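Student: Could we go through some of the labels people put on a model like this one? I'd like to see the reasoning behind each.

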Amino acid sequence: MGKLGAGLRFLKKLYGRLEAHNISGLSAQLSYFFFLSLFPLLMAVFSLLPFLPVSEEDILYFLEDFAPEETMTVLESAVERILADHNGKILSISILITLWSASNGMNAIIRAMNLAYEVKENRPFFITRGISVLLTAAMIFVILVALALPVFGKQLGIYLFSKFGLTGDFLSAWHSFRWGVSSIVLFIVFTFLYYFTPNKRISCVSAIPGALVSTAGWMVSSLAFSYYVDRFAHYSYTYGSLGGIIVLLLWLYITAYILIIGGEVNAMISEKDREDGRC
């Protein structure tokens, strides 16, 4: 009963912080910057594909498990335009500009995390912007590695399947492996974000609780939202050709909401540790 009461008090305090920090408005701001950053981020990712054993189908396949169908339509259309306009100059000339544009979303996350910890941003502009660009580049690298792992894993699995005559259970095991890789990648990305973005010195371990909350929350909420949109909500009937964009914005809003909750959880645990005299 004591643990249950402590848990309820924690949730009540978390709810109060979210209300005080206007999480709804902040999530809307973040989703706007995420939207502006999404397509430059896709350009940066796809400009690197010729150098990696990953195809555009692998990236879309990775997102397909979580994104609603109408969102996938928008993303596939954007990918087709990027690939049609792609040339070698993107990587050699425009990659820094692309990273700068994509880092707008990361810069918004920095502001949100500072609010969660209730600290002011007093770092110079070029420092915070540089952190945003570096974190964006690191996130791209992690995503590409995460995409490459299932590709190699599938090739290895098919080889073992044919070499040793494994049963058809491999396909179901492979699907579980993909989900496991997705979860690990999300956890690593969230941990990096929560550790580096706030203007406050924290330990890497203290970033883990929020990363766990965000990973589980994002996967569950994304799947639930995708199920709802694909089966019940037909935004294309209401918004016409803009339906896919509306769904994408709502999905980014949910992502921002979950991301802020994870930061608030870390900030609350950090405050409790200080009150208890722990580092």
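Student: Why is Ile188 called partly exposed?

Tutor: Keep in mind that this is a predicted model. Ile188 has a relative accessibility of 32%; buried means under 20% and exposed means over 50%, with partly exposed in between, so Ile188 counts as partly exposed.

Student: Where does Ile188 lie, and which patch does Ile188 help to make?

Tutor: Ile188 lies in helix α7, residues 169–196. Together with Ile184, Phe192, Tyr195 and Phe196, Ile188 makes a nonpolar surface patch of about 430 Å². Phe192, Tyr195 and Phe196 also form one aromatic cluster.

Student: How many aromatic pairs are there?

Tutor: With ring centres required to lie within 6.5 Å, the count comes to six.

Student: What makes Phe190 and Tyr194 a stacked pair?

Tutor: Their ring centres are 6.3 Å apart, and their planes are at 20 degrees. Planes under 30 degrees apart count as stacked, so that's the label for this pair. Both residues lie in helix α7, four residues apart, or about one turn of the helix. Phe190 and Tyr194 are both buried.

Student: And why is the pair of Trp218 and Trp251 called tilted?

Tutor: Here the centres are 5.9 Å apart and the planes at 40 degrees. Stacked needs under 30 and edge-to-face needs over 60, so this pair is tilted. The pair links distant parts of the chain, 33 residues apart: Trp218 is in helix α8 (residues 208–231) and Trp251 in helix α10 (residues 243–275). Both Trp218 and Trp251 are buried.

Note on methods:
Residues are numbered from 1 along each chain as its sequence is written. This is a predicted model: local features need pLDDT of at least 70, side-chain atom pairs count only at pLDDT 80 or more; totals for chains, interfaces and linings use all residues. Side-chain values use heavy atoms; hydrogens and water are left out. Patches are made of residues with over 30% relative accessible area and no salt bridge: like charges are joined within 9 Å, nonpolar side chains (Val, Leu, Ile, Met, Phe, Trp, Tyr) within 5 Å. Accessible areas come from the Shrake-Rupley method with a 1.4 Å probe; for residues, only the protein chains shown count as cover. A salt bridge is a side-chain nitrogen of Lys or Arg within 4 Å of a carboxyl oxygen of Asp or Glu. Helices (H or I, at least four residues) and strands (E, at least two) are DSSP runs, numbered from the N terminus. Buried means under 20% relative accessible area, exposed over 50%, partly exposed in between (1.4 Å probe, protein chains only).
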